[in-house]
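Please look over this assembly chain by chain. The report below takes up contacts, a core and a hairpin.

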Amino acid sequence: MPLLNQPVSLSHYLLVGAILFACGIVCMATKRNAIGVLMGVELVLNGAAVNFVAFSAPFLRGDAELALGLDGHLMTLFVIVLAAAEAAVALAIALCYYNTHATIDVDQGDELRG
Amino acid sequence: MINWHTCFFLLFATITCAFAVAVVVSANVVRMAVCLIASLAAVSGLYFLAAADFVAAMQLMIYVGGTLVLLVFGVMLTARGPFVSMKITPANWLMAGLAGGALLILLLCAATSVDAWKTAAVAASAPAAEGGHTVAPIGMALLGIRVDALEQANPALRGGIAGYLLPFEIVSVHLLVVLVGAAHLARARRRRRPAEAVPDASRSA
Amino acid sequence: MPVERVDPELVEFDVRTDEMLINMGPQHPSTHGVLRLVLRTDGEVVSSAAPHIGYLHRCAEKIGENVSPRQWIPYTDRMDYLAGMNMNLGWAMTVEKLMDLEVSEKTRHLRVIVCELNRIASHLVAAGTYGLDLGSFTPFLYCFREREKILNLFEAVCGARLTYSYIAPGGLIADLPPGWLEACERCLGELQAVVPELHAMLTSNEIFIRRTAGVGVLSPEMAIDYGCSGPVLRGSGVKWDLRRDGQPPVARMYEDYRFEVIAQVDGSYPRDQEYPPVPPEAVVGDCWHRFYVRMLEVVQSIGLVRQAIEHYRRSAGPVSEPIKITQKLPRGEAYLETEAPKGQMGFLVVGDGTAIPWRVRARSSCFCNLSVLTEISRGCLLADIPAILGSLDIVLGEIDR
Amino acid sequence: MIAEYLTTRFGLPEWLACGGVALVQCLILLGIMMFAAALFTWMERKVAGRIQDRLGPTRVGGRFGWLQSVADGVKLLAKEDLIPGEADGLLFRLAPYVSFCAAFCVYLALPFSNGWVAQHLNVGVFFIVAIAGLEVFGVILGGYSSASKWSLYGAMREAAQVVSYEVPLGLCVVIPVMVAGTLDLVAIGNMQRGWGVNWLVFHNPFLFITFFIYALCTLASTNRAPFDLAEAESELVAGFLTEYSGFRWSVFFMAEYGSMYAMSGLGAILFLGGWHGPIPLAEMLGLSYANHAVLGWLGDLLGAGNFLCKAFLGVAAMMWLRWTLPRLRIDQVMTTCLKYCVPLAAAMFVGTMLWTYALPGGLLPRSTPLGAVAEAPPWTAPRAARGERP
Amino acid sequence: MEVGLILDKLKQRFGERILGADLEAADPSIEIAPAALAEVARILRDDPPLRFDYLHCITGVDYVQPDAKKAKSFPWEVHFELLYHLSSMAHRHRLVLRIKLPRWQGGVEGQLPEVPTVSHLWRTADWHEREVFDLSGVRFAGHPDLRRILCPEDWQGHPLRKDYKTAEEYHGIRTR
């Protein structure tokens, strides 16, 4: 494991992002609870956001001039804000679903009826 | 070389990943929410380490303090009896595990594929300890002025750098629409119970 | 003035949650004893509140059938234990009515003194605990401090601070000790100064008004229908006070006293003194008015005690002696209600010619006042339940007997 | 700074020096927080007692009941530690510490005097507001995991209340930040040096009103009466604390006092001049680094005393309110927030914006914000500004 | 209105079903047939000159001497009595309605006597009737929710009956 011996670099951050991302995917795939699925989405978004932040830090990489700089930060900010919006809507849908179907199991929501 | 940046990176990265895995593994939705909170709070620590102080504060404030409270609220509204923990079939696990594992391997390969990414340019602790001082530039960028890129050497990059005024506006309008939509969606159908449909004297008084 | 009422139909469009049944009590800080309310709630909205009583049932009526009227006096103390004097008085006068006894003038005025003092004490507890119910701790201690002074007076009279057994059928167990009247007057003076303080902390406090005005509105018709009495009835704008409108023995007791029956009639309260203004948000019959009536009655009672002290000083002769324990009761029955602090406390006694009554019945005012809770708390918020319950001012000892 | 000194003077490895300093700083902050909690427990009893026309504690530890908090602590530790059978044991145990950690983390970025801060963040304001908002998780978890309906009610109320009040609180915090032009608390504090009129609260009428909105939102976000709906002992038995007892209960309690003090401190820095007194005593006496390092240090010490006093007074005001006012109802709490606080704070924001546009320096001549940053003691400025290469 | 006049009025209307009156007592009373209670009560409440809008109390009195030795000197006949204390706030008069019932319905021990409810006329009767049912053992026909109110729901017997025997134990708790 050469990465463990090195000072922290971009790759380290990318690894964390990858793990978050994969966890999010698995979470989305396995959870039957609508809110559980939502949590998976949050993990995926954060995985992406970690990557953005990592790419924008010039001191983490050998080719500092290629760093994203502020753009990465700004993209992350947009991700955060949009994730909040997404969570609000998704939660509203989940509650609406819960109110009409009296369950939160997404597997049972297979009809196109409100 | 062990320095504090490494130390804290390992700490936060471990917390992040461990709790992310816990979110996946845990069957109880309330515990999932708790793990998610811990995981995302640690992510904000990673942002601090990557000298993205404003983003880190925002992550804490909006994500952890706002979105996740909302999520927990949703959990509490719906988590009762059978929905607290729902069983997942092994086949489901297998499929998801395979897909996730494949994706993870792919991403790991990609993450370690570029040599320049594996070597930190400077001792990483110094800029991180200083914090990024990104607040003012980010604010200016959102207003369409890139104070950080004025001396950008690479003309290709300088050409590609634009202000973020328009996206900022779009996002703000988007947020408004989303909030209105969410408020509308969450309205429950009005129920009438005969016992309550009768107006009692106290209300007409 | 239209009042913002929490209408269950209006609130329900909010995020729907499951209906929940909650037991409020029997161990709960604001049920004023061992009352259990079963609340059916939808989020914060209470769709129904059903009182379950009986946790303090001590078979007082059954005991009354096995002891003589003198011996039952201590049991009346333990009904409304915040107004033992008034309980004593109710029972004593009922037995006197059955036996057709008259008490001396001095006894009558002395009874007025202690009963009105006890009314003040009881209303102080009601006001203090009401503050507590609304989350304000300080008025509670102010009220108890003043009540303590009254209890000191009672202790000097009869040796007890809570269960007095002072008024007995036929008279009183003792006359006043020397110097008592002066102490009493001093106490009244101090009390008079405290009332404005309480008005400032509660009655005219903005948050207090918001919490109580328009909450738990009890219409006068409903109040009469449910047999409500006392400040609960008067808070609904019904000018009815047994001290003025009661059966002859009760009305006669107060016959040469000047006092106002506190109730809002034709949109205004009696104006014999300076009272804080009625806020525009308040609706007759709401929690605020019930509380206000109590506070104003404290002032009236102070005046009554002052008058009674004058009367007492002028009347000669000894106080009447109570009947003996072995005193035989005539055959027949007598029912009498007196104006206790919480409302009309009625006693029924059926005599069979022996010293032990054949049947004793206590009609509790709080019992009736509490029964209206379900009606006036429909569709209120969870936080309104203590507000409404506190404004009804119940004592479980009296409800459960 | 001290770490650098240790490294250069004693040749300690950097990680050890930094770690040691960090540990000491944490311990000091923990000590401050614990001491504040203990002091406020005692003070709350005394203040309540005095307001209620009684004495409060008088016996434990001598004349004024000094040791009452210790006695309370001993009692709480000795109490039986109950976990309801139906409760989610792990979360139930975890919840108090979540609250406590959040309250504690606030202190990490809170400057006590000019540069006396554990971690100097240039997003200090946001960091504090964000971390303080995390305290709600402990309450929600505790309420949820207790498996009691009353606790659940408390948790739901807390969640709804805190999330709502975060909005006006954030707005109120942003207004002085806008005037100061920085999120750095040390810089904001240093801007307000000089006479008391330089305090941001007197900067313009809008900020003056903002201060009171901030105070209101602080009450709500720290769960103090009249906004203590999550606890609401007359309605919800004890709300989210219903099932807690003994040590865990006291941890919640310490978190509450800790965050009260922190939020008052934040208010003191943002509005009330931070560590600068109404009279610039330190400047008059020449207590500055320009004269001598020790004198400068003394000046900072004076500043710290100033700051602690202001925060302390804020807490005292909170206590005063608690023992005076009845509790609001949940719909009134939400109405206060959404109908009054948010629009009012937004209006103050616009007002201040226009004011600063029209009168950039405020009514009184003052140093510009960016100038104030530069004038901070040399070691608080970023290293780059000192001309060093990282 | 004087009780005598009320009596005349009721007699005009209900004739036979007004069984008697005691106008001399401290609390004048009118005795009516149990079956007529609901109708009489409605008239008492709604008739404008009567307007008995306030029901103070419902009392059940058990007239029986369980002690055989004292039974000889028992001054009343064995029966059960219900007393309704009514008054009118509008007219300031009052009245006691008296209803005599057998101690047990049809003389069968354990069969509670029955009277029509008045809880639809005076809401306060709701709880008072529950209390009388609970403690004295009278069944109020038509009562919406006739449950025990003061004693536990599974309590045996009606304690204010003179022949009530306390159970030895209640849920394993000794009661004596």
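What follows is a short account of selected features.

This is a predicted model, in which local features need pLDDT of at least 70, side-chain atom pairs count only at pLDDT 80 or more, and totals for chains, interfaces and linings use all residues. Residues are numbered from 1 along each chain as its sequence is written, while chains are lettered from A and ligands numbered from 1 in the order in which they are written.

**Chains A and B**

Chain A puts 71 residues in contact with 80 residues of chain B. Contact here means that two C-beta atoms, placed from the backbone, lie within 7 Å. On the chain A side, α2 (10-30), α3 (34-56) and α4 (70-101) each supply at least two residues. Helices (H or I, at least four residues) and strands (E, at least two) are DSSP runs, numbered from the N terminus. The most comes from α4(A), with 23 residues. By class, that side of chain A has 50 nonpolar, 15 polar and six charged residues. Nonpolar covers Ala, Val, Leu, Ile, Met, Phe, Trp, Tyr, Cys and Pro; charged covers Asp, Glu, Lys and Arg; the others, Gly among them, are polar.

**Core and buried residues**

The largest nonpolar core has 383 residues, of which Val23(B), Ala33(B), Leu46(B), Ala50(B) and Leu71(B) touch the most other members. Such a core is a set of buried Ala, Val, Leu, Ile, Met, Phe, Trp, Tyr and Cys residues joined through C-beta atoms within 7 Å. Domain 1 (1-131) and domain 2 (134-187) of chain B both contribute residues, so the core lies between them. Leaving aside neighbours within four places in sequence, Val23(B) contacts residues including Cys23(A), Leu43(A) and Leu36(B).

Val43(B) sits in helix α2 (residues 29-49) of chain B. With the same kind of sequence neighbours left aside, Val43(B) is in contact with Asn46(A), Val50(A), Thr16(B) and Gln59(B). Met222(C) belongs to helix α9 (residues 220-225) of chain C. Both appear below; buried means 20 or more other C-beta atoms within 10 Å.

| Residue | C-beta neighbours within 10 Å | C-alpha to C-alpha distance |
|---|---|---|
| Val43(B) | 29, buried | 8.1 Å to Gln59(B) |
| Met222(C) | 20, buried | 31 Å to Cys143(C) |

**Hairpin in chain E**

Strands β1 (residues 18-22) and β2 (residues 29-32) of chain E run antiparallel, joined by four bridges. Strands pair if DSSP finds at least two bridges between them. Six residues lie between β1(E) and β2(E) in this hairpin. Ala21(E) stands opposite Ile30(E) in β2(E).

Methods:
Buried ≥ 20, exposed ≤ 12 C-beta atoms within 10 Å, placed from the backbone. Domains from an automatic or database assignment.
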